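User: Got a model to go through with you. Can we start with the core?
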Amino acid sequence: MRHVNRCAALWPRLVDLALGATDTELTAHVEGCAQCARSLAQLRPIVGALAVSGEVPAAWVERAVRVFPRRARAKLLGSSMQLALARTSVGEPFLLRFEIPGGQFSVMYRPTAKGWEALGEVDVPGAQVSWPQGRLLLTSDLRFQAVAKSLSSFEFLVEVDGATVAIPTPEEADAGE
Ligand SMILES: [Zn+2]
């Protein structure tokens, strides 16, 4: 299950790879992962067709839509303080709450000596959280911890109910408010 979740999080990079980007880490993963190899094989002709001509055959589009997982962006429900304050060099802990299918995703961002720590919680049983940018520490089924140098690294993905929901970074959440 974890593995499937991790592969779902690789989608944006798979698309870039199909478009010709150099990604040695992902290339190595694809060589050992049948699921991603299959996805890449399906993506190549699709992005090829998109890149070559402005007019995309309807059949390709249909296929692309089928292949791509449904992805939405979580809506910010509330924050414990003005985000502008959180971006100062001093920094103070703050909490953001996002809406996801069936419940909420809350994250407490806390400044540390080396950067930031994110302590998150999902209230939807069965939801799978992943973090393409780094190593996510799952402290229990529905709680996780992540550390990063900057807040902009905290882009979490939540897979719930067959859909992948992207959690905006604090900066993005602030801009989208
Ligand atoms: Zn994979």
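Analyst: Sure. This is a predicted model. Its largest nonpolar core has 31 residues. F105, F156, V158 and I167 have the most contacts inside this core.

User: Which helices and strands each supply at least two residues of this core?
Analyst: Two helices are on the list, α2 (11-18) and α4 (34-52). The strands are β3 (94-100), β4 (103-111), β5 (116-122), β8 (143-148), β9 (156-160) and β10 (163-167).

User: And which domains does the core draw on?
Analyst: Domain 1 (2-55) and domain 2 (71-175). The core takes at least three residues from each.

User: Back to F156. What does F156 touch?
Analyst: G120, V129, W131 and I167, leaving out residues up to four places away in sequence.

User: New topic, the sheet. What is the strand order?
Analyst: β2-β3-β4-β5-β8-β7. This is an open sheet of six strands, and the pairing is antiparallel.

User: Why is one side of β2 and of β7 left without a neighbour in the sheet?
Analyst: β2 (75-79) and β7 (137-140) stand at the edges, and each has a single partner strand, so one side of each has no neighbour there.

User: What does the twist average?
Analyst: 25° from one strand to the next.

User: How many bridges link β2 and β3?
Analyst: Four, in the antiparallel sense. On that pair, K75 stands opposite E99 in β3.

User: Now the overall numbers. How many helices and strands are there?
Analyst: Seven helices and 10 strands. The protein has 177 residues, and 22% of them count as buried.

User: What about contacts between residues at least 6 apart in sequence?
Analyst: Of those, 47% join residues at least 24 apart.

Definitions and conventions:
Residues are numbered from 1 along each chain as its sequence is written. This is a predicted model: local features need pLDDT of at least 70, side-chain atom pairs count only at pLDDT 80 or more; totals for chains, interfaces and linings use all residues. A nonpolar core is a set of buried Ala, Val, Leu, Ile, Met, Phe, Trp, Tyr and Cys residues joined through C-beta atoms within 7 Å. A residue is buried if 20 or more other C-beta atoms lie within 10 Å of its own, exposed if 12 or fewer, and partly exposed in between; C-beta atoms are placed from the backbone. Domain bounds come from an automatic or database domain assignment. Two residues are in contact if their C-beta atoms, placed from the backbone, lie within 7 Å. Two strands pair if DSSP finds at least two bridges between them. Axes are lines fitted to C-alpha atoms, for helices over the stretch in contact, and angles run from 0 to 180 degrees between N-to-C directions.
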